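Please look at the structure below, and then work through the questions that follow, each of which is answered step by step.

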Amino acid sequence: MLAKIIQEGLLNHGFHILETRTIQYGTQIRLLEGAIINVYRTPKVLVQGKSISASPEQLRKNLEYVLPARITVWNIT
């Protein structure tokens with residue numbers, strides 16, 4: 001359920017989803033912008049990947065509008 005909410009938020013904020021797939025214990029969302037977002041059932045959100053279109057700080061700032069702050073772990077380069 002959380003993964004669907006995050007997907008809708010990403011699309012509403014102009015992000016481009018390349019792929020969504022089921023992973024062990026959750027869902028993985030890959031973005032054209034370079035981020036890989038793992039949404040776990042625990043709930044926990046792990047953001048990783050390499051920023052393509054902006055600096056890692058700018059990508060994080062843009063994603064912070066969509067992702068829940070208390071359960072999100074950041075690892076963007």
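Q: Over how many bridges do strands β1 and β2 pair?
A: Strand β1 covers residues 17-23 and runs antiparallel to β2; strands here are DSSP runs of E with at least two residues, helices are runs of H or I with at least four, and both are numbered from the N terminus. Two strands pair if DSSP finds at least two bridges between them, and for β1 and β2 the number of bridges is 6.

Q: What should be known about the model and its numbering?
A: This is a predicted model in which local features need pLDDT of at least 70 and side-chain atom pairs count only at pLDDT 80 or more, while totals for chains, interfaces and linings use all residues. Side-chain values use heavy atoms, leaving out hydrogens and water, and residues are numbered along each chain, as its sequence is written, from 1.

Q: Which residue in β2 is the bridge partner of Arg21?
A: Arg21 has its bridge partner in β2, as does Thr20, which is matched with Ile29. For Arg21, the partner is Gln28.

Q: Which residue in the turn between β2 and β3 has a positive phi?
A: Strand β3 (residues 35-40) runs antiparallel to β2, and 5 bridges join the two. They form a hairpin with 3 residues between them, where the positive phi, about 110°, belongs to Gly34.

Q: What is the strand order of the open sheet?
A: The sheet has 5 strands with mixed pairing. Its edge strands, each pairing on one side only, are β1 and β5 (72-76). The full order is β1-β2-β3-β4-β5.
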